[in-house]
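Take a walk through this model, starting from one residue and working outward. Keep the structure open as you read.

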Amino acid sequence: MLTKEILESLRAKLLEEKAKILERYRKKEDTQARIGEEVKEPGDLEDLSQMTYTQELLDTLSAREVFMLREIDYALQKMDAGSYGICEYCGEEIPQERLLAIPWTRYHAHCAEKVEEEGIIPTYPAPTFEGTIPEEMEIQREDITEA
């Protein structure tokens with residue numbers, strides 16, 4: 001059983017990681033704006049190639065960061081609901097050491113391997129609060145088209 005002090009420490013770690021991700025997002029936005037300006041007048045093909053690579057890398061990081069924000073917010077919701085620290089695969093308590101290392105984890109280490117092998121995709125409940133993703137954070141998906 002996790003003590004109140006450990007839970008507060010884990011909550012602080014989650015909130016700190018969320019703040020770091022949001023700060024990286026803001027910096028990424030600045031970098032993308034600069035790249036946008038440079039693309040208007042690329043020096044040569046090598047410059048254009050480097051800018052394209054950087055843009056693709058930033059897009060990939062963005063997808064990972066959105067995933068992490070969702071996991072962090074989900075962990076915080078579970079804390080509020082009193083179900084934090086329970087493995088979603090087997091229903092047993094996740095060891096404190098694992099939670100301290102990966103506070104947003106949903107599974108024991110061995111259950112996480114099973115989840116990956118089985119291809120289980122995490123789901124999220126409908127948000128019950130605002131602020132998961134900043135309003136200015138625009139998520140773009142190329143696999144969705146307008147009808």
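**From one histidine outward**

His 108 sits in the loop that runs between helix H3 (96-101) and H4. Keep in mind that this is a predicted model.

Is His 108 buried or exposed? Its relative accessible area is 6%. Buried means under 20%, so His 108 counts as buried. What does His 108 touch, beyond residues up to four places away in sequence? The list is Cys 87, Cys 90, Glu 92, Glu 93, Ile 94, Pro 95 and Arg 98. Select these residues together with His 108 to see the surroundings of its side of the loop.

Now step back to the whole chain. It holds 4 helices and 0 strands. Read from the N terminus, the order is α-α-α-α. Of its 147 residues, 29% count as buried. The chain exposes about 10,400 Å². Carbon and sulfur atoms supply 52% of that area. How are the contacts spread along the sequence? Take those between residues at least 6 apart: 60% of them join residues at least 24 apart.

Next comes the nonpolar interior. The largest nonpolar core has 18 residues. Leu 10, Leu 14, Met 79, Tyr 84 and Leu 99 have the most contacts inside it. Helix H1 (4-40), H2 and H4 each give two or more residues to this core. Which element gives the largest share? That is H2, with 6 residues.

Leu 10 is a good place to zoom in. Set aside its neighbours within four places in sequence. Leu 10 is then in contact with Leu 2, Met 79, Tyr 84, Leu 99, Leu 100 and Pro 103. Among them, Met 79, Tyr 84 and Leu 99 are also listed with the most contacts inside the core.

Finally, look at the open space. Rolling a probe the size of a water molecule over the atoms shows where empty space is left. The second largest pocket has a volume of about 320 Å³. Its lining has 15 residues, and those closest to its centre are Phe 67, Glu 71, Thr 105, Arg 106 and Tyr 107. Helix H2 (45-81) and helix H4 (109-118) each supply at least two residues of the lining. The largest share, 4 residues, comes from H4. What is the lining made of? It divides into 8 nonpolar, 1 polar and 6 charged residues.

H2 and H4 thus appear in two places. Both give residues to the largest nonpolar core, and both supply residues of the lining of the second largest pocket.

Methods
Residues numbered from 1 in each chain as written. Predicted model: local features only at pLDDT ≥ 70, side-chain atom pairs only at ≥ 80, totals over all residues. Heavy atoms only, no water. 1 Å grid on protein atoms, 1.4 Å probe; cavity = no way out; pocket = protein on both sides within 12 Å on 5 of 7 lines; lining within 4 Å. Points joined across faces, edges and corners; volume = space filled by probe spheres on them. Nonpolar A, V, L, I, M, F, W, Y, C, P; charged D, E, K, R; others polar. Buried < 20%, exposed > 50% of the residue type's maximum accessible area, 1.4 Å probe, protein only. Contact = heavy atoms within 4.5 Å. Core = buried A, V, L, I, M, F, W, Y, C linked by side-chain atoms within 4.5 Å. Areas by Shrake-Rupley, 256 points an atom, 1.4 Å probe, with all protein chains shown as cover.
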